[in-house]
Each structure stands twice: as structure tokens, then as C-alpha cells.
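Reader: Hello! I am new to this structure and would love a close look at the helices of one chain, and at the rings too if there is room. Could you explain each term as you go?

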Amino acid sequence: MKYIPTNKFIQSRSLTTTINNLQEKEKSTPQYEVTFVKKNGERIKVTCNEGDSLLDVVLNNNLDFDGYGACGGTLTCSTCHVILKKEDFDRLPDTPTEEENDMLDLAYEYTDTSRLGCQIRITKDLNGLEVCLPSSINDARS
Amino acid sequence: MNSNCFSRNNFIALKFSSLMFNKRLRILNLNNKRTSKSSADDRYIRGYNEIPGPKALPLIGNSWRFLPVIGQHRIEKIDVMSKQLREQYGDIVKVDKILSRPDMVLLFDAEQIEKVFRNEDTLPFRPSMSSLNYYKHVLRKDFFGDEGGVIAVHGENWLKFRTKVQQPILQPQIAKLYINVIEETAELFVSRIRKIRRKNNEVGENFLNDIHLWSLESIAQIALDIKLGCLDDAVRKDTEILIAAIHTFFANVAILEFKVPFWKIFNTRTWKKCITALDTMRNVTMKYITQALEKKLIQTNNSSNENASLLQRILELDPKNPKLATILALDMFLVGIDTTSAAVASILYQLSQHQDKQHILFNEICSILPNRNDKLTTKELQRLIYLKAFIKETFRMYPVVLGNGRCLTKEMEICGYQVPKGVHVIFQHYVISNSEHYFKNANKFEPERWLKHNKEQTHAFASLPFGFGKRMCLGRRFAELEIQILIAKLVQNFHIEYTRQPLEYEVQPLYLPKGPLSFTFSDRT
């Protein structure tokens, strides 16, 4: 009965950034830092490129978040759900679009400061951003 | 876990405990409280055989229930049947041993539907038309090969295709490039209504056919980058052939899918008609795609152009192979015309039946688009909130497709029962979204319930007209735009009424009012 977490999600997803232009990018674009805080308190600090979405950040750093970003950023699921601090939520340049809101309605552990990671792009202003992950199916079962 | 589901089943379990008790199984959850998810492992799960449901007869199983005269259920009345099954058996019902079909488990519990969706693995399997499956994978295997498209395709081939096309087709900003094109087609339809309506402003009984033409015209511009001219006075020859083929397909596919499947044994007449229609659709589509490809090869590279059309983007993915775009276009025709048309017909009927709500919608449109010649943009569309609420409410009470489903790709516990891999779990959205348990005053048509400021706390998975997750409707963005823009244009131009006897909804196999759709379209002054 145990749900087996799988890396297949990551293998099968269309990477918005391929490895080649990732290396290209690293040379030219500024690097920023983002921290993911898991439900168990574990903090994962990674670097990313300017303009990457949080979904790109997770994929490019091979972070194994259970089922994260299943739809590849096409706004058909809510698995890349992240919870922001109120002040960060307020200073994001864009408010959620209607399509994002539709999916946020379906997000697990939705809060007032929830967003979808695929829609948040990291800019200089957001350097050092810290986001929390909701519990996954696995957390709920264990 | 949903309390309702458990309490009812547990009640049955208690009542018959002396008969049913099985040492393997222990049910701890005897109260009405919501079970916390963490207690799932403490609970003993009941076996698949114990799921309640109508008993299958020896040899002929449950198929007889759908036979004319002796059966209890008519296909057109599946909506009524679903409600009865829930009342009789509870939130989970097993219907097994239906001729040539896998077992079905009907699910009437939004929380359990959420659970099935959230447990989806990389290759969700969505049961769909078996005749189309045969056409793509057996009969015309040479053409489709490994690129079957997304409808009636599963596993790695589905993933390969979906991954290729999903970025351009689902990104909202690409769909929004089509607002003008869709608006122009909607305006053509408004003109056509003025032409075809009679002196009393009533359109003919076959108005659904006209809606189909609008839908085909809209989708052809998205899938093929061409104006087919379906709404023109004189229709071109190849357009006429395509329209006829699409009509033939829709008229016959339901018979293949819902009646006894003799076509699996020999070539029935219906089967031959369907195949000829599919071949015609494929050939005409292929012709247009090849033309587009030749045109595109002359043009400069489009990939850097953010205004590139959907077709240009799809052709860019595999510039030498016109098949990818052809197969995608074919899928868009197969499932994107009748569904969108049925939705429009249903919404128009609801507008005619709720004049007060139509009035509110008209006022909203007037305030956002004060001048009838004002062009729609993303900005105006975003502000048309009552329009969207009206559409959502129609979909809640009368979803075009009554349910959705998944073929389980792994064994799973649902409603306290162990359901094996391979079973078709059918999500009963129609029954759920019309039940008082999920929506207050469920039988009242209230678009207001969807407006943000007075949004009810409802279960998000109760009404899901486009599905959810990796297999969510691929055409959703375009379908929504088409429907919103057309309804806005129609309400802006006409006062819509229906003066005949009220209509009943029936499964045809899409869910829409049965009978002559002779709406009255009176000009607004």
C-alpha cells in the first residue's frame, strides 16, 4: 500500500532548460539563492539562474520532492505548490493569473500565501527567497 | 477520508457483522468522525469482493441491465441510474461483468476522487473509446505508429506525445493569441443567426448543427491555421466533406461504444461508416497540414517569434514530419467539436431558463464592453466574472461529460476497500456536484456561488469539468476561450429565450437538453 516515491517524474518531464544551455547560462547570467523548507523542517538551499522558475530550480538541482511539478509547468496540476511568507507573497511582481488560481483551489494544504512554483520567476529582488513545501502524500501516510 | 463514505459502509458492516466478519479484516473506524489520514495504516482494509453493487447474473453478467425492454437502464438515462445506484449502495459501487468491459467502480466521494488524482503516477491511464483505440492501434497502425496522439492512447506513447505538445497548447499566453480570431468567428456566427432565424426570431430545430459549424470553424483556425469557411453562405467542397465526415463520426461512434459491440466480431455497417469518416477526416487534415508545412518552410524561422501560432510551434517540434500536427489536429476534431458545442447549447438553454441571471450577465457585458464594436482583449475577458460564474454553474449542474475516470495503474485503497490494478474507477461528478452534501441548495441554479466575494467553501474536486493533473483536458484553454467569447457576443447582441415546452437533459452521449434547440434570438436595442 505504500506509495513509492519515484524519480520517474523528473526523468520524464520536459525540462524547460536543457543541460546544454544551462551550462551556457551559468557563465553569463547572475546566480541567486533559494531555500526550500520541507514539512519536517529540513532546509535545502540551492543556487539558480536569473529568470528560472521555482520548478526549474527544483529540476535543475535534481531535488527529489515527491511528485513535484508533475505537469511540467502547464498549469494542469498543483504539485509545485509552495507557501510563501506574507511579505514575500506581497512583493512578488505578478499576482496569480486566473489559470493559476484555478489550480491553487485544488492545491493540498492551500493557504492565503500559496503560489505555484512554476509561476514564480527568480529575479534579483527575490534573491534569498525562502519557501515552504506543503506535506506530500508520503508525509500524510507515514 | 470522507466521513459519509465510511459511516454508511461501516453501518452496513456492523449490521451484517455476524455474517461478514472475517478475521483478516478489522474495521476500527466505527464512528462518524472524519478519519485522519495518519490512521490509515491502523485500519484493516476490506476486500474488493465486498464492494456493494448490483449482482451480476451467471454468464451474461451485468450487460442485461443495459438491454432494451428487459434492462432497467437506458443509456440516455445513465444520469438517473447513477443517482439510483448511489442511493441504493452508497459512495462506492461496483458494476462488474459488463460484456467486453473491465470492472467499473463508481465513486461518489470527492475526497476519494482527490486521493486517486493525487496518487497518479507518471502514466495515468484514462479509459476512453475502444473503437478509436482499435482504429489508431490496429486498423491504421501504419499511419499512427508510435504517435497515436492523446485520445485513446496510454503509457509511454501517450507521454511522448503529450510531452511534445503540451507546452504550446496549454500555456495560457499562447491561447490568448487567438482571442481576435475566436472573436471574429463568434461575430460570423452572430451574423449567421440573423440570417437563419425565422420571422419570429426563432432558429430551426437543428440549431445544434449550426453550433457544430461554429465550433469546427473555430478549432480549424487553431489546429490548421486556416479559415474553412463553415459559416459562409457557400461552403467549399472539401469543407463540406469534412463537415459530413464529422457528423457521420459523431452519429455512429456512440452506437459502437454503448450498444453491444458486434463490431469487434465483424464489420458492421455502423463500423464501416465510422471508419470511412475517420479516414476522410484524417486525409483532409493531412492535406491542410502538408500545405501549412510547405508554406512554413518558405517562411523564416518562427521559433523566436512570440506571436507564432500553435501550428507553427507544433511544426517546429519536428519540421520534417507533418504527422505530429495532423494527429493532434485530428484529436482536436474528434473531441473538441461536439464537447464545446454541447457546452454552448447547454449554456444557451440555461440562459433562456434563467432570465434574471441573463439580465445580470447582459449588464456586466454592457459595463465592460459599452460599445458593441469594442474588441475583446485579455483585460476585458478577465473582468467578465459573472460570465465565467454562469458557465461554471452550468457545468456544475449539467456537466457535458457526466464523469471522468482512471484505470488504476496500481492497487489502491478507496473508501476502505482494496481495489486492484486494472479496474476502471469512474468519478461520478454529475451526481456529486448535484448533491446537497457538496453544494448548498444544490438544485438551484446560482452562478453567484462561484463569485469570489461570496464563494462557498466547497470541495475543490466535486465539480471538475476539465479533469485534473497530467491528463487534464489538453484543449481546455481554447475551449474556455471559445465558449466565453461566443456567449459574451451572443448575449451582447441578442435576448435569448426558449418558448417551447421545457426540455429534459439526456445523455446523447454528451449531456445536453434533448429536443429541438429552437432558441429565440431577439436583437437587443
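Author: Let's start with the word bend: the bend at a residue is the angle between two axes, one fitted to the seven residues ending there and one to the seven starting there. This is a predicted model, so local features need pLDDT of at least 70 and side-chain atom pairs count only at pLDDT 80 or more, while totals for chains, interfaces and linings use all residues. Residues are numbered from 1 along each chain as its sequence is written, chains are lettered from A and ligands numbered from 1 in the order in which they are written, and side-chain values use heavy atoms, with hydrogens and water left out.

With that in hand, look at helix α7 of chain B, residues 155–170 (helices are DSSP runs of H or I with at least four residues, strands are runs of E with at least two, and both are numbered from the N terminus). At K164(B) this helix has a kink of about 35°, shortly before the proline P168(B). That proline is among the buried residues of α7(B), which include W158(B), F161(B) and L170(B) (buried means under 20% relative accessible area, exposed over 50% and partly exposed in between, with a 1.4 Å probe and protein chains only).

Now turn to α3(B), residues 78–89. Its 12 residues should span 16 Å at 1.5 Å a residue (the expected span is 1.5 Å times one less than the number of residues), and its end C-alpha atoms are 16 Å apart, which agrees. Its buried residues are I78(B), D79(B), M81(B), S82(B), L85(B), R86(B) and Y89(B). Down the helix axis they fall within an arc of 165°, so they line one face of α3(B) (the arc is that of the directions from the axis to the C-beta atoms). E87(B) and Q88(B), on the other side, are exposed. After α3(B) comes G90(B), with a positive phi near 115°.

Next is α9(B), residues 179–196. Its 18 residues reach 26 Å from first C-alpha to last, close to the 26 Å expected. Among its buried residues are I179(B), F189(B) and I193(B). The buried residues of α9(B) pack against α8, α10, α17, α20, β7 and β10 of chain B (contact means heavy atoms within 4.5 Å).

F189(B) leads us to the rings. It belongs to one aromatic cluster whose members include F207(B), W214(B), Y349(B) and F521(B) (rings of Phe, Tyr and Trp, the last by its six-membered ring, pair if their centres lie within 6.5 Å; planes under 30 degrees apart count as stacked, over 60 as edge-to-face and the rest as tilted). Over all chains, there are 28 aromatic pairs. One of them is edge-to-face: F36(A) and F65(A), 5.4 Å centre to centre with 65° between the planes. F36(A) lies in strand β1 and F65(A) in the loop between α3 and β3 of chain A, 29 residues apart. Both F36(A) and F65(A) are buried. F439(B) and W450(B) have ring centres 5.9 Å apart and planes at 55°, so that pair is tilted. Both lie in the loop between α19 and α20 of chain B, 11 residues apart, and both F439(B) and W450(B) are buried.

Finally, visit the ring of F143(B). The charged end of R282(B) sits over it, 4.6 Å from its centre (NZ of Lys or CZ of Arg must be within 6 Å of the ring centre and within 35 degrees of the ring normal). The charged end of K323(B) sits over the F143(B) ring as well, 4.9 Å from its centre.
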